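Let's walk through this model together, looking at charged side chains and then at the place where the chains meet. Keep the viewer open as you read.

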2 protein chains.
Amino acid sequence: MRSSAKPPSAKLPARPRRPAARAPAPKPYHHGDLRRVLIDAALQLVGEGGPDAVSVREAARRAGVSPGAPFRHFPSRDALMNAVAEEAQRRFRAEIEAALAEAPANNPLGRFRCLGLAYLRWAMKNPTHFEIISSRRFFDHDKTAGVSQDNAELIDLAERTLAEAFAQGQLRSADLKQVQIAGRALVYGFARMNIDGHFPRWGVAGADAERTAEAILDLFIEGIAKVPSKSA
Amino acid sequence: MRSSAKPPSAKLPARPRRPAARAPAPKPYHHGDLRRVLIDAALQLVGEGGPDAVSVREAARRAGVSPGAPFRHFPSRDALMNAVAEEAQRRFRAEIEAALAEAPANNPLGRFRCLGLAYLRWAMKNPTHFEIISSRRFFDHDKTAGVSQDNAELIDLAERTLAEAFAQGQLRSADLKQVQIAGRALVYGFARMNIDGHFPRWGVAGADAERTAEAILDLFIEGIAKVPSKSA
DNA sequence: CAATCCGTGTAATCGATGCTTACATTCACA
DNA sequence: TGTGAATGTAAGCATCGATTACACGGATTG
């Protein structure tokens with residue numbers, strides 16, 4: 001979308017907000033909630049063609065608004081992408097926490113596995129959205145208090161879960177930091193490889209992908225668990 | 001570079017090819033090896049600001065050539081990026097194979113570790129170049145015989161090494177495919193997290209980064225090795 | 001109720017980019 | 001030596017991000 005030929009976009013028929021007693025209400029001068037609509041449009045564009053497919057003008061077009069209008073709400077394209085990325089990150093975190101809420105409470109290592117699985121599943125179901133939250137370039141690194149609060153929350157969650165697992169003697173290594181980074185690298189890497197096209201065989205079906213994701217996660221968990229063989 | 005103000009590029013002083021008996025040879029009409037120079041310029045641009053920092057015009061500017069000239073050698077920007085990515089992939093493979101050539105021959109698992117380490121080191125020393133080879137979008141997926149021969153070679157190499165390790169009883173799992181994918185995901189993930197800015201603490205120094213890289217690699221190797229504790 | 005302020009949208013414009021077409025130059029081969 | 005193919009230039013198109021001047025109209029005031 002960003003520099004390719006494209007039909008003139010067919011002009012949406014002026015969204016029917018506020019039926020307006022009698023006049024045809026062709027298009028109210030003020031949009032209503034343009035900011036929200038722009039973010040949604042951009043999210044959709046990301047879903048269709050990745051981050052590069054997002055253009056301010058196309059988002060404006062889909063919102064039925066002039067090309068300059070978005071700049072009233074976002075000082076730059078990056079600012080729009082920032083908002084989009086934060087929204088995606090929010091959804092990501094919400095889904096993972098929801099999945100974890102259903103996991104058994106008294107098996108930390110099992111909970112850790114559950115966390116990783118939810119991570120992988122979301123990333124594979126929403127590849128382009130994962131792409132924008134994983135590439136930190138869309139987050140504002142100047143803001144105080146850590147840009148994406150949601151991301152820090154997730155990391156904390158993983159760390160606490162690992163600490164519990166260690167406290168219950170479920171881990172072989174005491175270097176929790178390394179284990180945490182390795183675990184993150186594993187799921188991150190698998191998710192990104194999937195997005196970046198390193199597994200061309202898995203078309204859209206993704207059943208193989210999900211099975212493999214689970215398998216390598218288990219391989220990792222077994223690798224860090226205490227007494228890996230012998231009994232089981 | 002792709003849409004920001006920039007000084008007019010200072011105009012290189014007409015590269016002195018072929019001193020030309022006596023005339024000042026201000027600029028030969030034909031460049032000599034524009035294709036090569038364009039790829040180098042683009043590689044440099046990638047090194048300076050990542051893939052998005054590459055513009056055909058800027059590459060042309062640095063080659064001291066008109067904006068349309070590159071299109072004689074590359075039908076599109078993507079084609080240029082393709083060439084750039086293949087060049088980077090070639091260097092990547094060369095360095096890894098060189099490192100592996102110095103590894104002890106009769107310890108497959110050790111060789112596997114060495115491979116992973118070389119991978120991580122190159123990725124961390126050439127982050128932006130790793131970025132373009134990891135994102136497969138710059139490779140031509142239509143070409144027969146697999147686009148990046150070099151990449152397939154590397155994967156084969158890893159698989160053979162793992163098979164040897166298994167044959168010598170060094171591995172705990174017999175599912176070599178899973179082990180290979182997990183290993184790839186681990187190093188890939190770590191490298192990309194580093195590039196994508198998930199480890200903001202490691203400024204440019206990178207000593208911490210390299211140590212951590214080695215640590216998580218060892219953690220993984222221990223996890224897949226047979227008899228992980230007990231003796232060592 | 002009316003006047004006005006200011007948030008929000010429009011129109012027009014700028015420079016940069018990818019890419020194409022028409023033309024110019026020069027190399028290489030017959 | 002002459003000519004055609006290869007390779008460069010010049011000019012131009014459409015799109016993009018971004019800025020500026022202006023227009024609209026809802027909300028707050030007196």
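A good place to start is A:E210, which counts as partly exposed because its relative accessibility is 34% (partly exposed lies between buried, under 20% relative accessible area, and exposed, over 50%, with a 1.4 Å probe and protein chains only). Its side chain meets that of A:R121 in a salt bridge, with N to O at 2.6 Å; the term stands for a side-chain nitrogen of Lys or Arg within 4 Å of a carboxyl oxygen of Asp or Glu. This pair links distant parts of the chain, 89 residues apart: A:E210 sits in helix α8 (residues 207-224) of chain A and A:R121 in helix α4 (residues 108-125) of chain A. Helices here are DSSP runs of H or I with at least four residues, numbered from the N terminus. A:R121 is partly exposed too, with a relative accessible area of 38%.

Before going on, a word on conventions. This is a predicted model, in which local features need pLDDT of at least 70 and side-chain atom pairs count only at pLDDT 80 or more, while totals for chains, interfaces and linings use all residues. Residues are numbered from 1 along each chain as its sequence is written, chains are lettered from A and ligands numbered from 1 in the order in which they are written, and side-chain values use heavy atoms, leaving out hydrogens and water.

Now turn to helix α3 (residues 77-101) of chain A, where A:R91 and A:E87 are 4 residues apart and therefore separated by about one helical turn. Their side chains form a salt bridge at 3.0 Å, N to O. A:E87 is buried at 12% relative accessibility, whereas A:R91 is partly exposed at 38%. Both belong to a network of salt bridges that also links A:R36, A:D40 and A:R90.

In chain B, B:R36 forms a salt bridge with B:E87, their closest N and O atoms being 4.0 Å apart. B:R36 lies in helix α1 (residues 34-49) of chain B and B:E87 in helix α3 (residues 77-101) of chain B, so the pair ties together parts 51 residues apart in sequence.

How many salt bridges are there between chain A and chain B? The count is 4, and B:R137 with A:D52 forms a salt bridge whose closest N and O atoms are 3.9 Å apart. Over all chains, the structure holds 34 salt bridges. The contact (heavy atoms within 4.5 Å) takes 30 residues from chain A and 30 residues from chain B.

Methods:
Helices (H or I, at least four residues) and strands (E, at least two) are DSSP runs, numbered from the N terminus.
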